[in-house]
Every structure is written in structure tokens, then in C-alpha cells.
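Student: I am new to this structure and would like a close look at a single part. Please begin with one residue and the ring beside it, and then lead me outward in connected steps.

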Amino acid sequence: MNPPDHNERRKITAQLDTTMIVEAAAGTGKTTAMVNRIVALVNAGKCSADTLAAVTFTRKAAAELRERLREKLPQAAQCQISTVHSFCGRLLRERPVEAGVDPDFEELDDERDGRLRHQAWENFTNELFAKDDSLLNELDELGIPLADLWPAFQRFANYPDVHDWPAPEVPAPALMPAVAALREYAAHMEKNLPDPNGTDELAGLFRRVLRMLRSHDLARRSEVAEILEQFKPGRKCTHKYWPNGKEQALREHEQWDKFCDDVAGPFVTAWRAHRYPSVLRVLQGVRAVYDRQREAAHGLNFQDLLLLAAKLLRERPEVRQYFRRRFTHVLVDEFQDTDPVQAEVMLLLTAENLRERDWRKCRPAPGSLFVVGDPKQSIYRFRRADIVTYNTVKQIIQDTGGAVVTLSANFRSARPVVDWVNAVFGGGKFFPAAANEVAPGYVPFLVGREEQPADAAVFQVKVTGDNQSDIAVAEADFIARHIRASGRTPGDFLIVTRRKDRLSVYADALQQLGLPHEVTGGSSLNEVRELGLWHAALRAALEPDNPVAVVAALRSELFGFSDEELYAHRRAGGRFDWRSDATGPMGEAFAVLRRFAEWLGSLAPVIAVERVANDLGLLPLAAGAPGGDVEAGSLGKALELLRAGQADWPTAAAMVEQLGRWATADEPHDGASATAPTGAAVRVMNLHKVKGLQAPVVFLADPAGASEHEVELHVDRRGARVTGHLALYGATNAFGRGSLLAHPLDWEKLAAREAQFRQAEENRLLYVAATRARDQLIVSLRDKRAASNPWNPLEPALKDAAALPDPGPQSAPVTKPVTLTGADVAAARAAIAARWETIKTPTYATRAAKPATAAVMARTDGDGMRWGSVIHLLLQTAMREPAGDLHAAAVSALRAAELDVALAGEAVAVAGKVVKSELWQRAQKAQRRLAEAPVVVALADGLVRGVIDLAFEEADGWVLVDYKTDRMERPETLLEQYRVQLESYRTCWQAATGQAVKELGLYAVTADRYLVLK
């Protein structure tokens, strides 16, 4: 039976010469559309599998696409399917010389990149203090602690694609008039203070301002600004607390607002704008250090990969021509999550005009570009995914004769869920009737699912209470009991929260009822008790002069000293310094800390840190606690993170400091399970992690914590040059976000514009949440303070929804206690030892297709092998890009081989002989040709690996050629010397491809002769 949007879907496989954008709503089959398009292109001969590139948003999506494609296309393994970052990395690795990158560059994941950022910040700030840089005095005069700019730098560093950060110099606001007005108003405040026992907000501000006036230096603008920042209009005023009642309260409220508008507001706005250029200079200075550190580490982060690939394609037309032949068709999934640089890469790669440098003016070759996305699921503006970019590309496709295909048949959700979603989002509240700059129009779903379960429905859960934590605990208990009583498998459930700071509450409730679960997108690593204990012990060992650190360790359960015992030790003249003398339990504790300090001072930091954890027995301690699987697994994850980053934390102090950041959630990480999952688990995650996921039953949970956050950033990508504007906040404190430090002069207008984008994205987030369910969608509501519920905008549509019934008390499955004996422990140890022996025994052998051979190389100065590698690279470059600059490639290759770059001319001349040969011309005319083709094949005697220098296919079979730079008096002797290698290549090639090899040969480069093996 054809789906209701069958005619639209046919265009995907029928209009293969048409550039196309497919707008596929949630559950309408985006991956199926991609698979069908690829299969149709290959089967119709529009391209071969190896000239097609499919780009996805995540590795998981790439793996799913490969798996689905494998079922329908025999040549699926030849398709280039990868994330956009991996794809750009491949472009750079193929043409590193033209891209100006180290051929062996390392792709930096977010973890490693984050460590480099932190190092850059420390190096930059340390250098400022070491030089007593004038910038420090400038910041001091502006009243900005340097440390407060670290959060701003983290945000700033996320936007290397922004061309301009406008920061015109703004004069400092006049000080004396503001001080005079402030003093005058303060005198009025002192005369009119209301009852000190009241709770009036305005009266409290009066008292705060008067206190600040007594403690601040009014000759400094920064301190005057700090006082004036307290003046914000619209403060609450309770009439009964004022001496003259309502009349005075209204008058004071009016006067406060007038002072805010006339004095405080203009002064503070001008002061922040005056600060802005100085703060930006700091951020740009740190970023310069950060850029140099990545370069020194030969590392490219995800944004580097994109920016450098775009630059390569934009500035090198010959390279773009090369890749245009390599990838004749490009398909992009989840295009609504594409940022402008990704869009630039795709448009440049498929453009008809190879000389066009502006991607917005590129015209894709007909049928070369196919993108799939749903603008209603564009929710990553904070990651540079801008709906403006989506709309721009859509318009380009339409203007150049492409097609827009709309898929609306939802195969995921049952009819009751589909009808409810249409009613909610089709009414004009969340999406406009027609698309605009900030939001797409809503396209109603059609029901595409044939099977309709009887229990499909949308439910509500009404949660009571005031305290956010108590609400989460009660709701988590209810959800866990419902899942336990449902009769469904745990894998049928998905719990979605808007925030990520209470995910562990839901995990704990599931744990209590013995329900397997997985948490994604949280920060539960810092909630592992043993991680804090580990850090406390290490810090005490490293800092004997810090009594606070030593006492923290002694009071913890690691040593278990009570406050009375600690007081008695101090009263007896003892010191909290493990280097001092002590007897009894305190002496034993000090001995332990001395042992830890010795390890930290003599061993590699990661080894010492791990040894401390083992000595304390933290892993079994974690495993033995309730929920020990996750506790122990998370502790193990922390150790693996330390191992992976040990190069960035070269000292024990640096590594312990990093451990402390994880323990305090300064750098949040998900926890991990210590054991492999034994079956499907309840998934618990925050909303930004659920894209592309679904479940039979979905809970929209944690109905608390919704709040309006101030706008921090506005990036305008409408023009040819991208401009960025920041509101710079200080470090987060105990009360939340730090104070606003600086912003552009026209920030109010910029923030208002950004707020429009933000609200539109909030609406799209609700849409994403509501479209994950297959059978049942369950939304949590609140009986009080509904405005703080992030799901509250859905409440009007839930008035007729049934309440999910309370399943009553539930309990975890009963497990029989296990009694262990000494014999059991001995047997377990023996079994572990046996498994280790099995693991250490190789189960396969690996050999090279190229056997070890003694040869005299073309150069006799001891550099023959390296010279040969240079010639091989030049021939590879010449085959892949005939118009490429061989001299530049030779210089780069010689440097990499640590040979004299003066040999570049000789190397090009040697390679040039081969390029002019008859064999080379045969290869150029072949229907397919490959340079440096790697082959791995499993034969009876093990895995065989090899790299074939040149392979090309003629009408009657493949020709395999190996280049040799050996110097021989009779080149014919090379054939016998390398016969075994060439035969191995034939065997490997035919086993790997199933295609015949008609000719094997060697090209003796020094003698300029091609020899065919008979």
C-alpha cells in the first residue's frame, strides 16, 4: 500500500538529474529517502558507488545509513559515508599540500580540544602576569578580574567562522554628574526608609545601595557602575510597609524607575560598551595562543576541519575540480543542523562554476546535490546551526531549478499521537502559517503507520509540590513504578527532560526498582561519591601546607575522623600536616598520605593517581554501593579520561586539579556502566540528545526549572561577512550566572533580535519532544507554579488528555543472596587467569603482501627508503591530480622525509619520466584508476595487508603496477626479486574485489622502464 505522500516520494528516485531538498518531518523516513536516492543513482548509472559521498550529522547516523544501504546495494562498501567532519578531514588528507596542513594532522575531539583551550587560557594569563602586561592595569581600571573572562573565552572560541566582532571605542560615561545624582538620591533614601522588618523588595534595595555607598570608592567608575547596576526598573513595592502607605509606595516606585531610566541605565550601558573593546582584545589574544597550540600539536578541531576544507575548495579551483570528479554526487542528511561553513563546503563542491568563490552564488550541477532535513527540528543554534543558513540553501536550490520535496506521512506515531501533534502545532501558536526568517511553516502530518495499537494515546501526569528537587524525586518514583508495572520491556521507554541537572534523580528511581537504564547528556560523573574521595586524598597528599585540604581528607570516610577527634589532636598541639609527628590513628593516616605523596612525586602522574585509587579500594567501594554498576563504571571512566589526557596534564598537580573539576561538575560528563548491557534499557536524556530517536512510550518529565535566560550572543549571517556580538558575563557564582561585564553599545536591539530566534527555537524544541513517541506520549504538568514547567506551553492541548493512573507500590525483582566461599574466590581467580592466557594467544596472523627484500636504492647516501617514499608520493599526486603542482608537493614531501628541499627539482624530474610513459597514458585512458590502493584480505594463512601503487581497469581486466626506485644493472632482475610480492597483490586483489587481474608489472623508475611479469 502506497503512503499518502507517494507522489512526492517518487520524485526522489525519479528526478535523478534534479538538485533536490527534501523537507522530511519527524518520523517520515529521512534515512529511507537517502537510501532510495543512493540506490537509484547507482543503479541508473548516474554515478558509481565510489564517486558518491553521503554526509550525516552523527557517527551513529552514518553507521545506520551504511547498514541500511548494505541491504539494498552490493557496492555499498564503496560509498563514502561519514560525518561532515570526517568528510572534510578526508579532503584535507588527500590534498594536504594545497590545504597548508600537516599531512599527519590529528583530528581533535571535543575532550582534547577542551584541554587545549584550558591550556591556552593558562598560558596566556601566566604570560600577562610574568610580563606585568599593561593589559592587567587596563582591566583593573575597568574593574574586571581577568579570571572572570574565562567563561567568555569559552563561548568566543566556539565561533571561529565569525569574520568581524565590531567593537568601536566608546567614551567612558561622565562620572561626576552620576555621582552627584546618586548622592542626592541616597540622601532621599535615608530619609524615607520604610519599616526594617518588612519584606518589601524596593526597601531592601534602598538598604543595599546605602551599604555599597559606604564601602565603595566613588572616584572609580567601576565601583560607581557596580552600585548603579543595582538599579533595575520594575521592582516590587509592598504598600503596607511604607510609612505613608500606598501613596508613598507609588511615589517611591515611580522615582526609582525614573532614576533607573535617567541616570543608572545610561551610565551602566555606556560603561559596559566602554569596556567591550578591551575585553574583546583579551579574548582575541587568548584565541591567538589557542590557535598556535593546536598548530604546535599538529591538531585540527572540528571547526578547523570545516574552515580549512572550505578554504581549500574556495581558493584552489584545480583542487575543487579534482574533488568534483572524485565526488560527482553529494547527499547531506539532517541538513537543518548544518552550519554556514558546512553549507559552503557542500555548495562549493557541487558548483558548476569552479571559479566562483562565494558559496551563496554557486549553482549546483543538476542532480549533484541532494539534501534532507526538517527545519522544524533545527535546535542547535548554539552550535552555529542557523535556520538562516537552511533558508539560504533552500532558496539557492529553488532559484537554480532544483526541487523542494515535502514528506508528511508519519510512519512512527500512532494516529492519536499524530492527531494531537497536528492540533497543537498546526494552530499557529508555535509555527507561522508561512515560513519567515526565524521559523518554518507547519506542514500537517499524514498518518502513514498501518498498525494502530489499542492503547495508543496522549496522557498527562499532574505533579504537586513547590521545591524543584522534591518534585523531581516524586515524579521519578511515579515513572519508575509505572514502568515496572507496565508489562513492557525497559527498552520501550524514553524519559526526556528539558534540563540535564536532575537526570540522575530519574536514574536513581529506576535503580531502586531494578530497572536497567542509560543516562545521556547529564553530568552524573560529578555525583559519584568515590570521585570526590579520590580527589580529596590526592589533594591532601599534594598540599601538606593546606590544613583545609588535609582535614577534608581526614574527615571523609577514607579515614573517618570525627570533629571531636580532630579538635583533640589540635588541642594537644598537633598540626594538620602529614609531615609532622603524630601517633595512633592520626599517625597511621599521615603515613598513608606520605605514601601517596611519594608515589605522586616519583611515578608518572597517571600511574600514581591510579595506584592511590587502588590503595584506597575505591573501585570495590563504588561497586558495593546501591547502583554500584554505574558508580564503579563512572570511576573507571574518570581514570580512562585521565589516561587519554595525560599529555595535557604533565604534572601530578595538573592531573589532580583536573580530577577536581570533574568532581565539582565544572566540566560535566555522563556516568558510565561498568558492565556491558544485558538487554534493552530505559533511556534517560535531556532534550537536545533525542534528535533522531524514538520509543513506544515517551515521558516529557521534570516539570521544573524553566526560566528566561539573558541573551549572550547574536551572530548575523545574512551578509557575505559574518558578524558577531557578545554579551560578556563573569564567572558563575553560587547564585547562578555572573554579572554582565560588557556588551556592544547597541546591545539592546541586537538582543531583541536574537530573542526572536531563541523563542522560535524553543518552539521547535517542543515539537522535537512531542514527536518522539510511537504509541504513548506522557506529559508532566504542575498544579502550582506552572510557568516554571518547560512543558507548560503544551498544557492547553492536554485538557482532554486522560491522567496516567498511579500503578501503586512496586518493588524490585527479588534476587537470591549469593554465598561465596574461599574456594569460590580461588576458582574465580583461576578462571580469570585462564581467560587472560586465552586473550594473549593470537587467533590470527598478519603478514605483508610485500616480502622483505634486500635492494640497492636509487640513492646511495643512506636515504634511499625516504627518497623512494618521496617519489611514490609525487606519482600518487600526479595520478590523482594531473594539473597539480608537483614542485610544491615535492618540497612538502622532502621536508616530511627530512631530506634537503633542494632535491625537489630532481624528484620532479624522476616522477616526470613516469608521467610521460606509455603506461601512464594507458592508465589515464582507463575507465577506473586508483593510486596507493590499500588492500586487506583474509586468506587461509592469516590477514594479508598491502598497498598497490597503481591499479587501473581496462576492458578485459585490471592492471596492477608497483613502482621501484631500486638501482640495478639489469632492471629485469627486479621481476624475479619481486615476483612473490606481485603474485601476492594478484591474490589479494582478486579475493577482495572478485575481479580478474590481467597484468602485473613493475615500473623501474630509475631506469624509466615498465616490466611485465610473465
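Tutor: Let us begin with Trp 662, which counts as buried because its relative accessibility is 1%, under the 20% that sets the limit for that word. Please keep in mind throughout that this is a predicted model. The neighbouring ring to consider is that of Trp 649, which is buried as well, with a relative accessible area of 6%.

Before describing how these two rings meet, it helps to look at the wider set of ring pairs, for the structure holds 28 aromatic pairs. One of them joins Phe 431 and Tyr 767, whose centres are 5.7 Å apart and whose planes stand at 85°, so that the pair is edge-to-face. Phe 431 belongs to the loop between helix H17 (415-425) and strand E10 (446-447), whereas Tyr 767 belongs to helix H28 (residues 747-770), so this pair ties together parts that are 336 residues apart in sequence. Phe 431 is buried at 2% relative accessibility, and Tyr 767 is buried with a relative accessible area of 0%.

With that example in mind, we can return to our tryptophans: Trp 649 and Trp 662 form an aromatic pair with 5.9 Å from centre to centre and 85° between the planes, which is an edge-to-face arrangement. Trp 649 sits in the loop between helix H26 (628-644) and helix H27 (652-663), and Trp 662 sits in helix H27, 13 residues apart, so the pair is one that links distant parts of the chain. As for Phe 431 and Tyr 767, they are members of one aromatic cluster, which is formed with Phe 425, Phe 430, Tyr 442 and Phe 445.

Rings in this model can have charged groups as neighbours too. Arg 95 lies over the face of Tyr 322, at 4.8 Å from the ring centre, and Lys 964 lies over the face of Tyr 978, at 3.8 Å from the ring centre.

Moving outward, we come to the nonpolar cores. In soluble globular proteins, nonpolar side chains tend to be buried together. The largest nonpolar core here has 68 residues, and the members that touch the most other members are Leu 149, Leu 228, Phe 231, Trp 256 and Leu 283. Helix H12 (residues 245-296) gives the largest share of this core, 17 residues. Leaving aside residues up to four places away in sequence, Trp 256 touches Phe 231 and several others, among them Tyr 185, Met 189 and Leu 202. A second core of 44 residues, separate from that one, includes Ala 541, Val 609, Val 612 and Leu 641.

The sheets come next. One open sheet has seven strands in the order E13-E14-E12-E15-E20-E11-E21, with parallel pairing, and its edges are strand E13 (517-520) and strand E21 (802-803), each of which pairs on one side only. Strand E11 (residues 457-463) runs parallel to E21 and is joined to it by two bridges, with Ala 802 in E21 as the bridge partner of Phe 459. Helix H18 (residues 468-486) lies across E11, strand E12 (493-497), strand E14 (682-686), E15 and strand E20 (773-782), and it runs at about 165° to E15.

Just beyond strand E15 (695-701), in the loop that leads to strand E16 (713-716), lies Asp 702. This residue is buried, with a relative accessible area of 1%, and its contacts, not counting residues up to four places away in sequence, include Arg 502, Tyr 506 and Trp 791.

Another open sheet has six strands in the order E3-E2-E6-E7-E1-E8, again with parallel pairing. Strand E3 (80-83) and strand E8 (403-407) stand at its edges with a single partner strand each, so one side of each has no neighbour in the sheet. From one strand to the next, the twist averages 15°. Five bridges join E1 to E8, and Glu 23 has Thr 406 in E8 as its bridge partner. E8 has a covered face, with Ala 403, Val 405 and Leu 407, and an uncovered one, with Val 404 and Thr 406.

For contrast with the buried tryptophans where we began, Ala 77 is found in the loop between helix H3 (59-70) and E3, and it is exposed, with a relative accessible area of 80%.

Terms used: Residues numbered from 1 in each chain as written. Predicted model: local features only at pLDDT ≥ 70, side-chain atom pairs only at ≥ 80, totals over all residues. Heavy atoms only, no water. Helix = DSSP H or I, 4+ residues; strand = E, 2+ residues; numbered from the N terminus. Buried < 20%, exposed > 50% of the residue type's maximum accessible area, 1.4 Å probe, protein only. Contact = heavy atoms within 4.5 Å. Core = buried A, V, L, I, M, F, W, Y, C linked by side-chain atoms within 4.5 Å. Pairing = 2+ DSSP bridges. Axes fitted to C-alpha atoms, helices over the stretch in contact; angles between N-to-C directions. Phe/Tyr/Trp six-rings, centres within 6.5 Å; stacked < 30°, edge-to-face > 60°. Lys NZ or Arg CZ within 6 Å of the ring centre and 35° of its normal.
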